[in-house]
Amino acid sequence: MSNENKCCCGCSQEDPRLAELKEFIVSHKDTKGALIPVMHKVQTLYGFLPEDVLLIVSDELKVPMTEIYGVASFYSFFSLVPKGEHIIRVCLGTACYVKGSQLIIDEISKDLNIQVGETTPDGKFTLEACRCLGACGLAPAMIIGEKVYGRLTPEKIAGILAEY
Ligand code: FES
């Protein structure tokens, strides 16, 4: 049994997430287009798509890994690498961009020493750029978890990150 399939608490039992996934696969297996819902389930359970788990999906659904990787790279919801505990999404939509959201990204990159798409080595933050958050009146805006931060300036970033 690989590390991905061991229980997250470190005991020798099978990871309960894997048991839940297998149940989900059994109930979706004979449905057309089952791959995407099953991959969503993996992403929700693990926070990303671990290779070991995708191999199980490939085997159970009889779908080649190349097709699974194709789907994973097509949809931005899917991630093949673990994400941080807090995902920072800085809006690069038009309203935010013209009000300087690139400067916000640059400041966060500098403070956390990561680029867009990367996660800090301690697994605490992932930095992402995104399209309109629907908060254009607060431009430039970003979201961390569920919380929206607006009218950002580079000077405000250190204080906001310190909340986490
Ligand atoms: S463009 Fe950034 S919130 Fe709309």
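Student: What makes the meeting of the side chains of aspartate 15 and arginine 17 a salt bridge?

Tutor: Happy to start there, with the reminder that this is a predicted model. The N to O distance between aspartate 15 and arginine 17 is 2.6 Å. The cut-off is 4 Å between a side-chain nitrogen of Lys or Arg and a carboxyl oxygen of Asp or Glu, so the pair qualifies.

Student: Is aspartate 15 buried or exposed, and how do you know that?

Tutor: Aspartate 15 has 0% relative accessibility. Buried means under 20%, so aspartate 15 is buried. Its partner, arginine 17, has a relative accessible area of 24% and is therefore called partly exposed.

Student: How many salt bridges does the structure hold?

Tutor: There are seven. One of them joins the side chains of lysine 29 and glutamate 60, at 3.2 Å from N to O.

Student: What makes the pair of lysine 29 and glutamate 60 a link between distant parts of the chain?

Tutor: Look at where the two partners sit: lysine 29 is in the loop between α1 (16–28) and α2 (35–46), whereas glutamate 60 belongs to helix α3 (residues 51–61), and 31 residues separate them. Lysine 29 is partly exposed at 37% relative accessibility, and glutamate 60 is partly exposed at 26%.

Student: How do you know that glutamate 107 forms a salt bridge with lysine 110?

Tutor: Their closest N and O atoms are 3.6 Å apart, and that is within 4 Å, so the bridge counts. Both residues lie in helix α6 (residues 101–112), three residues apart, about one turn of the helix. Glutamate 107 is at 17% relative accessibility, so it is called buried. Lysine 110, at 60%, is over the 50% limit and so counts as exposed. Elsewhere, Lys83, Arg89 and Glu128 are joined into one network by salt bridges that share partners.

Student: How many disulfides does the count come to?

Tutor: Zero. Cysteine 132 and cysteine 136 can still be classed by accessibility: cysteine 132 is partly exposed at 48%, and cysteine 136 is partly exposed at 40%.

Student: What is the order of the open sheet of four strands, and which are the edge strands?

Tutor: The order is β2-β1-β3-β4, with mixed pairing. The edge strands are β2 (125–130) and β4 (147–149), each of which pairs on one side only.

Student: How do you know that β1 and β2 pair?

Tutor: Six bridges join the two strands, which run parallel. A pair needs at least two bridges, so β1 and β2 qualify. One bridge partnership matches histidine 86 with phenylalanine 125 in β2. On the antiparallel side, three bridges join strand β1 (residues 86–91) to strand β3 (residues 142–144), so that pair qualifies too. There, valine 90 stands opposite methionine 142 in β3. Helix α6 packs on the sheet, touching β1, β2 and β3, and its direction makes about 150 degrees with that of β1. Helix α7 (residues 154–162) also packs on the sheet, where it touches β1, β2, β3 and β4.

Student: What makes β1 largely enclosed by the rest of the structure?

Tutor: Five of its six residues are buried, and that is why β1 is described as largely enclosed.

Student: Why is the pair of phenylalanine 74 and tyrosine 75 called edge-to-face?

Tutor: The structure holds four aromatic pairs. The ring centres of phenylalanine 74 and tyrosine 75 are 5.0 Å apart, with the planes at 85 degrees. Centres within 6.5 Å make a pair and planes over 60 degrees apart make it edge-to-face, so both conditions are met. Phenylalanine 74 is exposed at 65%, while tyrosine 75 is partly exposed at 37%.

Student: What about the rings of phenylalanine 125 and tyrosine 164: how do you know that they make an edge-to-face pair?

Tutor: Their centres lie 6.3 Å apart, within the 6.5 Å limit, and their planes are at 75 degrees, over 60, so the name applies. This pair links distant parts of the chain, with phenylalanine 125 in strand β2 and tyrosine 164 in the segment after α7, 39 residues apart. Phenylalanine 125 has a relative accessible area of 6%, so it is buried. Tyrosine 164, at 22%, is partly exposed.

Student: Which residues do ring pairs link into a cluster?

Tutor: Phe74, Tyr75, Phe77 and Phe78.

How values were computed: Residues numbered from 1 in each chain as written. Predicted model: local features only at pLDDT ≥ 70, side-chain atom pairs only at ≥ 80, totals over all residues. Heavy atoms only, no water. Buried < 20%, exposed > 50% of the residue type's maximum accessible area, 1.4 Å probe, protein only. Disulfide = S-S within 2.5 Å. Contact = heavy atoms within 4.5 Å. Axes fitted to C-alpha atoms, helices over the stretch in contact; angles between N-to-C directions. Phe/Tyr/Trp six-rings, centres within 6.5 Å; stacked < 30°, edge-to-face > 60°.
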